[in-house]
Amino acid sequence: MQFLYNLFTGAAEMLLPVPALFNKKLKQGIQGRKKVSSKLKAEIRQKDRVVWFHAASLGEFEQAVPVMEMIKKELPNHKILVTFFSPSGYENKKKHPLADVITYLPFDTKKNVRKFLRLSHPEMVFFVKYEIWPNYLKELKARNIRSFLLSGAFRENQIYFKSYGTWMRNALTAFEHFFLQNRKSRELLKSIGFSNTSLSGDTRFDRVSRQVEYDNKLDFIENFLQGNLCLVAGSTWTEDEDYLLSYINESPKNVKIIIAPHEIKAEKINALQDKLKKKTARYSEQFEDLEQFQVLIVDTIGLLGKIYSYADVAYVGGAAGTTGLHNILEPATFGVPIVIGSNFSKFPEAIQLQQLAGLYSVASAEETSSLLNRLMTDENFRKKTGMIAGHFINSNTGATEVVRKYFF
C-alpha cells in the first residue's frame, strides 16, 4: 500500500500541471509550490529555531492560531513557519502577521520531504486536525523531530482503523502526542494501541471566543441596518442561496439581509442578484445611502467574522450541498441562533449544538422560510436559541491551555 501511495503521489505531482491549465486553484497551487525552496532559503537561516505548523486550509489555520500565539509568547526567539495544502488557505493568509514564513506544503514524495525538512529544519511540528502525510511523518520520526497532532479528529471509517491500514497506522507513530477534540477520537486511537493522547477539545473555540473582545464595529453595516432585524447568510453556495431566496424575496421590511457568498466570482454574484426581488446593494459598488436597500451582498473577504456580530439570526452555508459546512462557531460566539442545511454528519460541533437546540437544520426552501419567519417574529425563541449557542462556545474553551501545560 505504501508503494502504491508513493506511486500515486509522484504521478499526481507530474500530471496535475495539465488540468491546472483549466483550473485557477490548481494553477495557483502548482505555481506556488515551485517557489517553496527559494522562499525557505531566503527566509530561514541555518541558525534559526523553527516551529512548523501545517494546515490544510483556512479552517485548520484558525485552529492553529491560538497555539501559534502561545508559542510566540513562550518562545519569542523561535520562527513560526506555516504551510498550507490548499490555495484558498495560502492565498487568504499568505501575509498573516503571526507567522514569520508562510508557504505551500510540497507534495508528499520522499524527495520533496527531505528537501523541505533540510531547508526548514524545524525542531517542533504541529499538524492540524487530520493532516496525516505518511512520508513527512516517517522522515520527521527518522530525524527525531518532535511532532504533534493538534485538535485531532478521527472517525472509525478512516484507514487507520481498517485491516489494510497498517502502513498508515505506522505513520501515526511519529506523533509524540495527540491533542484530540473528542472522546470518540481518543477511544479509536486507544483501540489501535495509542495512549499518548490528551482530550484537549477544539482550539477553534478559543479562537472565536476572543472575537467578542475585539472592535467589531463596521460603519457601513450600521448605515445599512438602521436598527432593523438582521439575517446574515455567511459562506453561502448556490444550494444555500436556493434555500434562502423565497424567504429573502418575501421578507418583511423590518428584516434586512446580508449575504456573504463563499465564492465572490462576478458571474456568481450577478446570477444571485438577478434572482433577488428586493432592492440590493453590493459592498464593492455601493457605499452611500445604504439604508435604502434591503439586501447587501458583501463581495469581499475578511469581514464575515465582524459582520456576524450584527446578526439576529445566522444562516451558515455549505451543508445544503456537499461542499462541507462552514464555520458555525463564528456566529455562535456572539450568541446568534444558527440555521444550516442538512448535510453536516461530519461536523461534530454542529451535531452537538443541534442537540442543545442552539442550531437548526433545514432541508428545503419551505423549511428555511418557516424557520426564519419563526426566529424573526418570536423574540423569546430567538433569544433562547442564541443564548444556547453562546453558552456552547463559552463551555468549550480551554484547548490551548491544555497544549500549553504539556510543554510549559
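**Asking how we know**

Q: Why is K275 called partly exposed?
A: In this predicted model, K275 has a relative accessible area of 40%. Partly exposed covers what falls between the under 20% of buried and the over 50% of exposed, so K275 belongs in that middle class.

Q: What makes K275 and D242 a salt bridge?
A: Their closest N and O atoms are 3.9 Å apart. The cut-off is within 4 Å, so the pair makes the list. As background, side chains of opposite charge can pair when their charged atoms come close.

Q: How do you know that this pair links distant parts of the chain?
A: Look at where the two partners sit: K275 is in helix 14 (residues 266-275), D242 is in helix 13 (residues 238-250), and 33 residues separate them. As for its surroundings, D242 has 39% relative accessibility, so it counts as partly exposed.

Q: Which residues do salt bridges with shared partners join into one network?
A: That would be R45, D48 and K79.

Q: Why does the pair R204 and E349 count as a salt bridge?
A: The closest N and O atoms of R204 and E349 are 3.2 Å apart, and the rule asks for within 4 Å, so this pair qualifies too. R204 sits in helix 11 (residues 203-209) and E349 in helix 17 (residues 348-356), with the two positions 145 residues apart, so to speak, in sequence numbering.

Q: Are R204 and E349 buried or exposed, and what makes them so?
A: R204 has 9% relative accessibility, and E349 has 7%. Buried means under 20%, so both partners are buried.

Q: What makes D219 and K217 a salt bridge?
A: The closest N and O atoms here are 3.4 Å apart, which is again within 4 Å. K217 is partly exposed, at 46% relative accessible area. By this rule the count for the model comes to 22 salt bridges.

Q: Why is F3 called exposed?
A: F3 has a relative accessible area of 62%. Exposed means over 50%, so the word fits F3. This residue lies in helix 1 (residues 2-15).

Q: Which nonpolar patch on the surface includes F3?
A: M1, F3, L4, L7 and Y164 make up that patch, and together they have about 600 Å² of accessible area.

Q: How do you know which residues and helix line the largest cavity?
A: A lining residue has an atom within 4 Å of a cavity point, and E241, L244, L245, I248, I259 and L272 line this one. Helix 13 gives the most, with four residues. The volume is about 30 Å³, and a search of the whole structure finds one cavity of 30 Å³ or more.

Q: What makes the lining of that cavity five nonpolar and one charged?
A: Leu and Ile count as nonpolar and Glu as charged, so E241 is the charged one among the lining residues. No polar residue takes part.

Q: What is the second largest pocket like?
A: Its volume is about 310 Å³. It has 15 lining residues, and the closest to its centre are E13, R33, K34, P106 and N112. Helix 7 (110-120) is among the helices that supply at least two residues, and helix 7 gives the most, with five. The lining divides into eight nonpolar, two polar and five charged residues.

Technical notes
Residues numbered from 1 in each chain as written. Predicted model: local features only at pLDDT ≥ 70, side-chain atom pairs only at ≥ 80, totals over all residues. Heavy atoms only, no water. Salt bridge = Lys/Arg side-chain N within 4 Å of Asp/Glu carboxyl O. Buried < 20%, exposed > 50% of the residue type's maximum accessible area, 1.4 Å probe, protein only. 1 Å grid on protein atoms, 1.4 Å probe; cavity = no way out; pocket = protein on both sides within 12 Å on 5 of 7 lines; lining within 4 Å. Points joined across faces, edges and corners; volume = space filled by probe spheres on them. Patch = residues over 30% accessible without salt bridge, like charges linked within 9 Å, V, L, I, M, F, W, Y side chains within 5 Å. Areas by Shrake-Rupley, 256 points an atom, 1.4 Å probe, with all protein chains shown as cover.
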